[in-house]
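Here are my notes on the model, set out as numbered points. Please read them with the structure open.

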Amino acid sequence: QAVELVARVAVLLLRLHHTQLRSTPSARPSLARIHAALHAAVQGLKDTLGFNVAALQHLQRAMKERSGMTEAADAASGRLVKRPAGKKQARGMQEQGKGVEKQKSR
């Protein structure tokens with residue numbers, strides 16, 4: 001379950017005891033088993049991570065396309081969507097909107 005921790009500990013131990021392990025022929029089969037088990041577990045994590053990154057990129061592209069379509073639809077319909085930056089601008093826009101409504105009603 002804690003593949004990352006096990007891999008880090010194994011690498012640390014290999015670095016610390018490299019010369020002793022190389023000079024001991026009986027350690028080779030144990031190291032080969034550890035290598036095979038860790039390699040399979042780490043490869044599984046890499047596959048999962050790659051899948052998740054691809055999914056996030058897909059979602060990002062879909063959101064960009066969707067926002068581009070909304071902007072294009074707004075531009076085609078003549079609507080200009082602006083969000084007020086502050087309270088003063090919001091009040092000014094509301095007053096402008098009221099003035100436009102009054103002019104239309106006349």
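**Notes on pockets and surface**

1. I start with the second largest pocket. By class, its lining holds five nonpolar, two polar and two charged residues. The model is a predicted one, so read every point below in that light.

2. Which residues line the second largest pocket? They are Leu14, His18, Leu21, Arg22, Thr24, Pro25, Ala27, Arg28 and Leu31. Arg22 and Arg28 are its charged members, because Arg counts as charged. The two polar ones are His18 and Thr24, because neither belongs to the nonpolar or charged class.

3. Where does that lining come from? Helix α2, residues 18-23, and helix α3 each supply at least two residues of the lining of the second largest pocket. The largest share, three residues, comes from α2. The volume of the second largest pocket is about 150 Å³.

4. Now the largest pocket. Its volume is about 360 Å³. The lining has 13 residues, and those closest to the centre are Ala10, Leu14, Ile34, His35 and Leu38. Leu14 deserves a second look: it is listed here, and it also lines the second largest pocket.

5. What classes of residue line the largest pocket? The lining divides into 11 nonpolar, two polar and no charged residues. Set beside this the second largest pocket, with two charged residues in its lining.

6. Which helices build the largest pocket? Helix α1, residues 3-16, and helix α3, residues 28-77, each give at least two residues to the lining. The largest share is from α1, with seven residues.

7. Check the surface too. Leu5, Val9, Leu12, Leu13 and Leu16 make a nonpolar surface patch of about 470 Å². Leu16 lies in helix α1. Why does Leu16 count as exposed? Its relative accessible area is 55%, and the exposed class begins over 50%, so Leu16 falls within that class.

8. Compare Ala41, which is found in helix α3. Is Ala41 buried, partly exposed or exposed? Ala41 is partly exposed, because its relative accessible area of 27% falls between the 20% limit for buried and the 50% limit for exposed. The C-alpha atoms of Ala41 and Ala7 are separated by 9.2 Å. Along the chain, these two residues are 34 residues apart.

9. Last, the chain as a whole. How many helices and strands does the protein chain have? There are four helices and zero strands. From the N terminus on, the order of elements is α-α-α-α. Of the 106 residues, 7% count as buried. The protein chain exposes about 10000 Å², and carbon and sulfur atoms supply 60% of that area.

Key: Residues are numbered from 1 along each chain as its sequence is written. This is a predicted model: local features need pLDDT of at least 70, side-chain atom pairs count only at pLDDT 80 or more; totals for chains, interfaces and linings use all residues. Side-chain values use heavy atoms; hydrogens and water are left out. On a 1 Å grid over the protein atoms alone, a cavity is a set of points where a 1.4 Å probe fits but cannot get out, and a pocket is an open set with protein on both sides within 12 Å along at least five of seven lines; lining residues have an atom within 4 Å of a point. Grid points are joined across faces, edges and corners, and a volume is the space filled by probe spheres set on the points. Patches are made of residues with over 30% relative accessible area and no salt bridge: like charges are joined within 9 Å, nonpolar side chains (Val, Leu, Ile, Met, Phe, Trp, Tyr) within 5 Å. Accessible areas come from the Shrake-Rupley method with a 1.4 Å probe; for residues, only the protein chains shown count as cover. A salt bridge is a side-chain nitrogen of Lys or Arg within 4 Å of a carboxyl oxygen of Asp or Glu. Buried means under 20% relative accessible area, exposed over 50%, partly exposed in between (1.4 Å probe, protein chains only).
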